[in-house]
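I opened this notebook to record what I looked up, strand by strand and residue by residue. The entries follow the order in which I checked things.

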Amino acid sequence: MAQLTHDEYERLERAVTRGQQIVVYRRGTEYVLVPLALRVRGGREVIEARNPTTGDALSIPVDELDSIEMIPR
C-alpha cells in the first residue's frame, strides 16, 4: 500500500483522537495497535503507536502498510 485513501486517513485520525485500536498488516504480519500520532520522519509519514497488551512503542511507516482496519468499539 503506497498511500492511504482519504477515508482511511479520516478513520486513522479518528482512531488517534479517540484512542481506538486498529489492525495493520505489514509484510504479512498483523499488528494490533493504539495509534498515538501521525508524524513525518525522514520525509516519510509514520504512525506512532503502542501495543495495547505490552505497552511497547512502535513506529510504522505508512508506505510499508499492506492494509489497515479499524476495530469497532
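These entries go from the sheet to its hairpins, then to the helix and to two single residues.

Entry 1, the model. I am working from a predicted model, and I keep that in mind throughout.

Entry 2, the sheet. I looked up the strand order and found an open sheet of 5 strands in the order 4-3-2-1-5, with antiparallel pairing. The edges are formed by strand 4 (57-61) and strand 5 (67-70), each of which pairs on one side only. I also noted the twist: neighbouring strands of this sheet are turned by 45° against each other on average, direction ignored.

Entry 3, the first hairpin. Strand 1 and strand 2 run antiparallel and are joined by 5 bridges. I found Arg26 standing opposite Thr29 in strand 2, and the hairpin has 2 residues between the strands, with Arg27 taking a positive phi near 55°.

Entry 4, the second hairpin. Strand 2 also runs antiparallel to strand 3 (residues 44-50), and here I found 7 bridges. Arg41 stands opposite Arg44 in strand 3; again there are 2 residues between the strands of the hairpin, and Gly42 in the turn has a positive phi of about 60°.

Entry 5, strand 5 and the helix. On the pairing of strand 1 with strand 5, I noted 4 bridges in the antiparallel sense, with Val23 opposite Glu69 in strand 5. Helix 1 packs on the sheet, where it touches strand 1, strand 2, strand 3 and strand 5, and its direction makes about 90° with that of strand 2.

Entry 6, Gln20. I asked myself whether Gln20 is buried or exposed. Its relative accessible area is 11%, so I list Gln20 as buried, the cut-off being under 20%. Gln20 sits in the loop between helix 1 (6-18) and strand 1 (22-26). Leaving out residues up to four places away in sequence, I found that Gln20 touches Ala15, Leu33, Val34, Pro35, Met70, Ile71, Pro72 and Arg73.

Entry 7, Leu36. I then turned to Leu36, which lies in strand 2 (residues 29-41). Leu36 has a relative accessibility of 47% and therefore counts as partly exposed, since only values over 50% would make a residue exposed. With residues up to four places away in sequence left out, Leu36 touches Val16, Glu48, Ala49 and Arg50. For Leu36 and Arg50 I also noted the separation, which is 14 residues in sequence and 7.3 Å in space, C-alpha to C-alpha.

Notes:
Residues numbered from 1 in each chain as written. Predicted model: local features only at pLDDT ≥ 70, side-chain atom pairs only at ≥ 80, totals over all residues. Heavy atoms only, no water. Buried < 20%, exposed > 50% of the residue type's maximum accessible area, 1.4 Å probe, protein only. Contact = heavy atoms within 4.5 Å. Pairing = 2+ DSSP bridges. Axes fitted to C-alpha atoms, helices over the stretch in contact; angles between N-to-C directions.
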